[in-house]
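Please open the structure in the viewer and display the chain as a cartoon, with side chains hidden for the moment. The tour below proceeds by selections, each followed by a description of what is found there.

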Amino acid sequence: MNTLRKSLIIGMTVIGMGSAAFSAHAQDAAAKPRHAYAETKFDPAKFAERRAARQQKLHDALKLNAAQETAWQHYMAAIKPQMPAGRPDRVDFKSLSAPEKMEKMLERSKMRIERQEAHLSALKTFYAVLTPEQQKTFDQMVARHGRGHRHHGGAQQ
């Protein structure tokens, strides 16, 4: 009987200490958020700065000649992100039926594919004027800075 009582007291003490530690940790987490919203919000200006820095680094690594410089300018113009000021065609999806929602999603996918096809065409044109050594450098630099699967509100490259 005495052993049961001691075990019960020890068990309750452990549970009490554990819940106190958990409560203290939860209060610390609530007091200071992991990331403030402003830090995680997409900033077009910072995006443009990072993109320009990557492009300049690639440009410097390629060591382009005068004829290639014109092709570079055309390529950069063709792949420039199209960041709309607003979304005038934005539809309230809650008011659409399931088939209408699917049609809108399909329409957006087709627009993305058209942009990707235009970018591919510009890439092929630019890539053709590069020397084999420059092509190798380009391949390495682009592979290192691949887009991944991020989507920044219409910022398509």
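Begin with the whole chain. Among contacts between residues at least 6 apart in sequence, 72% join residues at least 24 apart. The model is a predicted one. Colour the chain by secondary structure: 6 helices and 0 strands appear, and from the N terminus on the order of elements reads α-α-α-α-α-α. Of the 157 residues, 16% count as buried. If a surface is switched on, the accessible area comes to about 12,500 Å², and 60% of that area belongs to carbon and sulfur atoms.

**First selection: the nonpolar core**

Select L58, L62, L64, W72, Y75, F126 and F138, and show their side chains. These are the residues with the most contacts inside the largest nonpolar core, which has 13 residues. Which helices each supply at least two residues of this core? They are α3 (44-62), α4 (66-79), α5 (98-128) and α6 (132-144). The largest share, 5 residues, comes from α4. As a general background, nonpolar side chains in soluble globular proteins tend to be buried together.

Now centre the view on L62. Setting aside neighbours within four places in sequence, L62 is in contact with W72, F126, Q134, T137 and F138.

**Second selection: the aromatic rings**

Keep W72, Y75, F126 and F138 on display and add Y127. Ring pairs link W72, Y75, F126, Y127 and F138 into a cluster. The structure as a whole holds 6 aromatic pairs.

Turn next to Y75 and F126, whose rings form a stacked pair, 5.1 Å centre to centre with 10° between the planes. This pair links distant parts of the chain, with Y75 in helix α4 and F126 in helix α5, 51 residues apart. Are these two residues buried or exposed? Y75 counts as buried because its relative accessibility is 10%, and F126 counts as buried because its relative accessibility is 1%.

From Y75, move to F138. The rings of Y75 and F138 form an edge-to-face pair, 6.2 Å centre to centre with 65° between the planes. Here too distant parts of the chain are linked: Y75 lies in helix α4 and F138 in helix α6, 63 residues apart. With a relative accessible area of 3%, F138 is buried.

**Third selection: Q68**

Select Q68, which has its place in helix α4. Q68 counts as buried because its relative accessibility is 4%. Show the residues around Q68: leaving aside neighbours within four places in sequence, Q68 is in contact with K63, F126, V129, L130, T131 and Q134. One of these, F126, belongs to the ring cluster visited above. A distance may also be displayed between the C-alpha atoms of Q68 and Y127: the two are 59 residues apart along the chain and separated by 9.8 Å.

**Fourth selection: K63**

From Q68, follow the contact to K63. K63 is found in the loop between α3 and α4. What is notable about the phi of K63? The angle is near 55°, a positive value in a residue other than glycine. For context, most residues other than glycine have a negative phi. K63 counts as exposed because its relative accessibility is 67%, whereas Q68, its contact partner, counts as buried.

**Final selection: a surface patch**

Finally, select L8, M12 and I15. These residues form a nonpolar patch on the surface, and their accessible area together is about 350 Å². I15 is found in helix α1 (residues 2-31). I15 counts as exposed because its relative accessibility is 58%, which is over the 50% cut-off. To close the tour, view this patch together with the core: I15 is exposed, while F126, one of the core residues with the most contacts, is buried.

Notes: Residues numbered from 1 in each chain as written. Predicted model: local features only at pLDDT ≥ 70, side-chain atom pairs only at ≥ 80, totals over all residues. Heavy atoms only, no water. Core = buried A, V, L, I, M, F, W, Y, C linked by side-chain atoms within 4.5 Å. Buried < 20%, exposed > 50% of the residue type's maximum accessible area, 1.4 Å probe, protein only. Helix = DSSP H or I, 4+ residues; strand = E, 2+ residues; numbered from the N terminus. Contact = heavy atoms within 4.5 Å. Patch = residues over 30% accessible without salt bridge, like charges linked within 9 Å, V, L, I, M, F, W, Y side chains within 5 Å. Areas by Shrake-Rupley, 256 points an atom, 1.4 Å probe, with all protein chains shown as cover. Salt bridge = Lys/Arg side-chain N within 4 Å of Asp/Glu carboxyl O. Phe/Tyr/Trp six-rings, centres within 6.5 Å; stacked < 30°, edge-to-face > 60°.
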